[in-house]
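Reader: I should like to go through this structure with you, beginning with its pockets. Could you take my questions one at a time?

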Amino acid sequence: TECISGCVCPEGLFDDGRGGCVEQKDCPCIHNNELYSSGDKIKVDCNTCTCQKGIWKCTNDVCYGTCTIYGSGHYNTFDGKFYDFDGSCEYVATQDFCGDKNSSGSFSIITENVPCGTTGVTCSKAIKMFLGKTELKLENKEYKEIQRDVGDDVQYWNRTVGLYLVIEASNGVMLIWDKKTSVFIKLSPDYKGKVCGLCGNFDDKANNDFTTRSGLLETNPLNFGNSWKQSPMCPDVTQEVKPCDLKPHRKSWAEKECSIIQSEIFKICHSKVNPLPFYEACVHDACSCDSGGDCECFCSAVAAYAQECIKAEACVFWRTPDICPIFCDYYN
């Protein structure tokens, strides 16, 4: 009935998110907050997706899901949701004991987080992996096995691959640990939509990953993370820690070191994996590790981005004798 000021597209055309108007067939698609034009292809896990009329059309190969936990409280869920949660407690990373109380599950992976620095950020110190009646505890660069009375027999194998300890179980669960603060959990597609915890529910939708222990959908990562703590005695996390604000003298050093992620060295990866969340996570970690281990925190943060680049088929040689060297002879 009355005029409203503003910009709208003419009838039959659509806002393309870049300030222009396009026909429906030319609508862009969004991935990692980046816009892609019609016809663009991207790699998601083991599938190729093509942008068609604003919708991603993907091949349907069955992929293992991967959840990454690294550095000081950075999580990348099975469905690709990136968030930070700094809690000092034991938390359920992922498990298939979900839903009703009587539901039986075959595995559970718990991460124990402890402060790593004086600013209050936390890192994964130990991982507990429950496979049927076997409990594996990974801590201090080694693991030990504990046999419990309850549960089924689930077979598992362990092997060392370069820097990593790999534990693979017969029920389709694999855990890869760098013996420091990085953990990669891989699940077979049989678990799609059947798991819960800080790694999300693995149903190919990132927007419902913040499902709490009681089944409610949260928007706040802190409330979501608190719901998955193992002990009610641990305090809840009430605010996000910003270590660079607490240690401003470290901020410029952190930004300078971490700029490698946004530099020419990683250029071939930038269009495949958005570097921004990894850069921000790196700066956060480099500010926070102020009680020794500066290099370890920085190197883990850059390695996490390099790992995602490799998954997206962009291989980057970023380690040098000066930057995070690895003595291959030793690991071989």
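Author: The conversation below covers pockets, disulfides and domains, and the model under discussion is a predicted one.

Reader: What volume does the largest pocket have?

Author: The largest pocket holds about 1,300 Å³ of space. Its lining is made up of 42 residues, and the closest to the centre are His31, Val44, Asp45, Asp79 and Gly80.

Reader: Which elements give two or more residues to that lining?

Author: Five strands and two helices do so: β3 (29-31), β5 (41-44), β6 (47-52), β7 (55-58), β8 (65-70), α5 (276-288) and α6 (294-311). Helix α5 provides the largest share, with 4 residues.

Reader: And how does the lining of the largest pocket divide by class?

Author: There are 17 nonpolar, 13 polar and 12 charged residues in the lining of the largest pocket.

Reader: Now the second largest pocket. What is its volume, please?

Author: The volume of the second largest pocket is about 640 Å³. It has 32 lining residues, and those nearest its centre are Lys180, Cys299, Arg319, Cys324 and Ile326.

Reader: Which element supplies the largest share there?

Author: Helix α6 does, with 8 residues of the lining. At least two residues each come from β8, α3 (248-258), α6 and α7 (328-331).

Reader: Which domains does the second largest pocket draw on?

Author: Domain 2 (65-227) and domain 3 (243-312) each give at least three residues to its lining. By class, that lining contains 16 nonpolar, 7 polar and 9 charged residues.

Reader: Two cysteines lie nearest the centre of that second pocket. What joins Cys299 to Cys324?

Author: A disulfide joins them, with an S to S distance of 2.0 Å. The torsion about the S-S bond is -90°, and the link of Cys299 and Cys324 is left-handed. Cys299 sits in helix α6 and Cys324 in the loop between α6 and α7, so this pair connects distant parts of the chain, 25 residues apart.

Reader: Are these two sulfur partners buried or exposed?

Author: Both fall on the buried side of the 20% cut-off. Cys299 is buried because its relative accessible area is 15%, and Cys324 counts as buried because its relative accessibility is 8%.

Reader: How many disulfides are there in the whole structure?

Author: A search of the whole structure finds 12 disulfides. Another one of them joins Cys29 to Cys51, at an S to S distance of 2.1 Å. That link is right-handed, with 90° about the S-S bond. It connects distant parts of the chain, since Cys29 is in strand β3 and Cys51 in strand β6, 22 residues apart.

Reader: How accessible is Cys29, and how accessible is Cys51?

Author: Cys29 is buried, at a relative accessible area of 1%. Cys51 is buried as well, also with 1%.

Reader: What about Cys269: which cysteine does a disulfide join it to?

Author: Cys269 is joined to Cys309, and the S to S distance is 2.1 Å. The torsion about this S-S bond is about -95°, so the disulfide is left-handed. Because Cys269 lies in helix α4 (residues 267-270) and Cys309 in helix α6, the pair ties together parts that are 40 residues apart in sequence. Cys269 and Cys309 are both buried.

Reader: Why is there no bond between Cys315 and its closest cysteine sulfur?

Author: The closest cysteine sulfur, in Cys309, is 9.3 Å from that of Cys315, which is too far for a bond. The cut-off applied to a disulfide is a sulfur pair within 2.5 Å.

Reader: And Cys7: where is its nearest cysteine sulfur?

Author: The nearest one belongs to Cys21, 8.6 Å away, and Cys7 is in no disulfide. Cys7 counts as exposed because its relative accessibility is 83%, and the cut-off for exposed is over 50%.

Reader: To finish with the domains, which ones does the assignment give?

Author: The domain assignment of the protein chain gives domain 1 (13-58), domain 2 (65-227) and domain 3 (243-312).

Reader: What distance separates the centres of domain 2 and domain 3?

Author: Taken over C-alpha atoms, the centres of domain 2 and domain 3 are 23 Å apart. The contact between them takes 20 residues from domain 2 and 19 residues from domain 3.

Conventions
Residues are numbered from 1 along each chain as its sequence is written. This is a predicted model: local features need pLDDT of at least 70, side-chain atom pairs count only at pLDDT 80 or more; totals for chains, interfaces and linings use all residues. Side-chain values use heavy atoms; hydrogens and water are left out. On a 1 Å grid over the protein atoms alone, a cavity is a set of points where a 1.4 Å probe fits but cannot get out, and a pocket is an open set with protein on both sides within 12 Å along at least five of seven lines; lining residues have an atom within 4 Å of a point. Grid points are joined across faces, edges and corners, and a volume is the space filled by probe spheres set on the points. Ala, Val, Leu, Ile, Met, Phe, Trp, Tyr, Cys and Pro count as nonpolar, Asp, Glu, Lys and Arg as charged, and the others, Gly among them, as polar. Domain bounds come from an automatic or database domain assignment. Buried means under 20% relative accessible area, exposed over 50%, partly exposed in between (1.4 Å probe, protein chains only). Contact means heavy atoms within 4.5 Å.
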